[in-house]
Amino acid sequence: MARSFPPPAARRWLYLIHRWIGVASCLLFLMWFLSGLVMLYVPYPALTDREALAGQPPIDWPKVHVPPREAEQLANLPEQPRAMRLEMMANRPVWRMTGRAGELVTIDADTAALVRGVGSAEAARIATAFGHAQVAATTFVERDQWTVASRYDPHRALWRATLKGPDGRALYVSSRTGEVMLDTDAHERFWNWLGAVPHWLYPTALRQHPEGWRQVVIWVAGPCVLAAITGMWIGLLRVRLGQRRFKGRRVTPYRGWMLWHHVAGLTGGVMLTFWIVSGWLSVDPGHFFRGEDPGEGAILRYERAKLPPIDVPGLDAVAPRHAVRLDVVRAAGLVWLEWRSSERRLVVAAEGGRTLPNVSHLSKAARVLVPDGAAARVTRLTAPDFYWYDVGSELHLPVLRLRFQDPSGTWLYLDPATGAVLSRIDRRGRVYRVAYDLLHRWDAIPLVINPPARRAWIWLFSIAGVVTSVSGVLLGWRRASRIIILRRPSVPPPPS
């Protein structure tokens, strides 16, 4: 006689674990599925590059009197800046620089004065120029629900400037540099209370403590992983195909809500398991997916280049019409001037000319970023690949992909116009791309380039997940109610 697997004692524990962990996990699953569908249409508020370019006023060249080299000297940073940009801050041009240790320096490009802070009145002027609307009120905020992420820390506190108008638009302005950090409206904020905030377990009180928030996600999602896996196991155990079917030739013994739970769980259970496991992996328990950075020294050696003398009229002469941003880009020992407007990008060599950097030169120079790697295989990409893509529509193309033969399996993605490093991904990062991004966001390239198909795919399995979750909650409530009734002490009848 064949032995059943798992044995009866283990099977009993399998059922108990799924039953009682599943009661709570199904409530969480229901929240995650519904909030995930909201996020499919309304992402978390962020200032995209397109929004920044559309809001920024054109550079007022008659007011620019400080050339790039002088601005760099005035910044007085210990090393050449990691980033250097010219743009408007309300009605005055400024040079913005970020140092190698994260220092933020803003220089007035008209007076050469150091910008040491931004007050309420100036924040209102900045928001008016950026948002093309008058400011109704400004509020000084250390952090709130929409600026809780750590990337805002160097700019805190922030000015929240509420613009006049029916859409409840608010701009967040750095009190240190005057840079517009975030653009939100009432529509985004409302739907994110139903979307990203519950989906990511993202209330301000929790998220402002990054490691505490990470541990909560790990220990909340972990039991849900167990519930999903045990549910799939039980679901398969309770299916009979072929000749050994249940009464009435049924493949499942269940009826009513148990039938819905069984069928929906089998239909969407694999996807549900992928979703919860990948969601759990999103915070990288154990830091398994943490890659190895080349170090600031290697990055500096790749970017180090002496800025040539450039006069302001020369900059004005090559600037495209309505340019709103000038970035000084250093890469592979070269210096480039990158002009941006909402419609156009123009890159010129700082010492004159518009020729692109030599691909062979970029490949050799990039070896300093991967010192233990052999020569790279270089591919020019004009379309997304599995690791260079964007679910939105702001993907930088074309790019150069450099694949090195080093112990970490490093790939670099470079801007062919400047040599700037756009992305670095090693073998662990590529595993994470599958384990989290692909299995949680379903952003395979065929789905990314066909958004309606991606939405339909996610809706299909989300519906199965919602049915599984709702039926699980109802079944758990019924069982708990029966136990409470059975354990309730009987009241003796009153004496006659």
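The legends below describe close-up views of one predicted model.

Residue numbers start at 1 in each chain and follow the sequence as written, and side-chain values use heavy atoms, without hydrogens or water. Because this is a predicted model, local features need pLDDT of at least 70 and side-chain atom pairs count only at pLDDT 80 or more, while totals for chains, interfaces and linings use all residues.

**View 1. The protein chain contains 15 helices and 14 strands.**
Helices (H or I, at least four residues) and strands (E, at least two) are DSSP runs, numbered from the N terminus. Along the principal axes, the C-alpha atoms of the protein chain fill a box of roughly 100 × 65 × 40 Å. The protein chain has 496 residues, of which 46% count as buried. Buried means under 20% relative accessible area, exposed means over 50%, and partly exposed lies in between, with a 1.4 Å probe and protein chains only. A contact is a pair of heavy atoms within 4.5 Å. Among contacts in the protein chain with a separation of 6 or more, 61% join residues 24 or more positions apart.

**View 2. Six strands make an open antiparallel sheet in the order S3-S2-S1-S8-S9-S10.**
Strand S3 (104-108) and strand S10 (345-349) are the edge strands, and each pairs on one side only. Two strands pair if DSSP finds at least two bridges between them. Strands of a sheet pair through backbone hydrogen bonds, either parallel or antiparallel. On average, neighbouring strands of this sheet are turned by 20° against each other, direction ignored. Helix H3 (residues 68-75) packs on the sheet and touches strand S1 (83-89), strand S2 (92-98), S3 and S8. The direction of H3 makes about 60° with that of S2. Axes are lines fitted to C-alpha atoms, for helices over the stretch in contact, and angles run from 0 to 180 degrees between N-to-C directions.

**View 3. Strand S8 (residues 325-331) and strand S9 (residues 334-340) run antiparallel and are joined by seven bridges.**
Arginine 325 has arginine 340 of S9 opposite it.

**View 4. Strands S4-S5-S6-S7, in that order, form an open sheet with antiparallel pairing.**
The edges of this four-stranded sheet are strand S4 (135-141) and strand S7 (180-184), each paired on one side only. Its neighbouring strands are turned by 20° against each other on average, direction ignored. Strand S6 (residues 170-174) runs antiparallel to S7, and four bridges join the two. Tyrosine 172 has leucine 182 in S7 as its bridge partner.

**View 5. Helix H8 (residues 210-237) packs with helix H9 (residues 256-281).**
Two packed helices are described by the angle between their axes and the distance between the axes. For H8 and H9 the angle is about 150° and the axes are 9 Å apart. The two helices are therefore roughly antiparallel to each other. By angle, under 35 degrees counts as roughly parallel, over 145 as roughly antiparallel, 65 to 115 as roughly perpendicular and the rest as oblique. H8 passes H9 in a left-handed crossing. A crossing is left-handed if the near helix is turned anticlockwise from the far one by less than a right angle, and right-handed if clockwise. The residues of H8 that meet H9 include Val217, Ala221, Cys224 and Leu236. Among the residues of H9 on the other side are His262, Gly265, Leu266 and Trp280.

**View 6. Cysteine 26 and cysteine 224 lie with their sulfur atoms 8.8 Å apart.**
The structure holds zero disulfides, a disulfide being a pair of cysteine sulfur atoms within 2.5 Å. Cysteine 26 is in no disulfide, and the nearest cysteine sulfur belongs to cysteine 224. The sulfur of cysteine 224 is too far from that of cysteine 26 for a bond. Cysteine 26 is buried at 8% relative accessibility, and cysteine 224 is buried at 2%. Serine 25 lies in helix H1 (residues 8-39) and is buried at 3% relative accessibility. Leaving aside neighbours within four places in sequence, serine 25 is in contact with Cys224 and Ala227.

**View 7. Helix H10 (residues 296-303) has buried residues Ala298, Leu300, Tyr302 and Glu303.**
These buried residues pack against S8, helix H12 (359-365), strand S13 (411-414) and strand S14 (421-425).

**View 8. Valine 448 sits in helix H14 (residues 445-448).**
Valine 448 is buried, with a relative accessible area of 11%. Not counting residues up to four places away in sequence, valine 448 touches Tyr389, Asp390, Val391 and Asp443.
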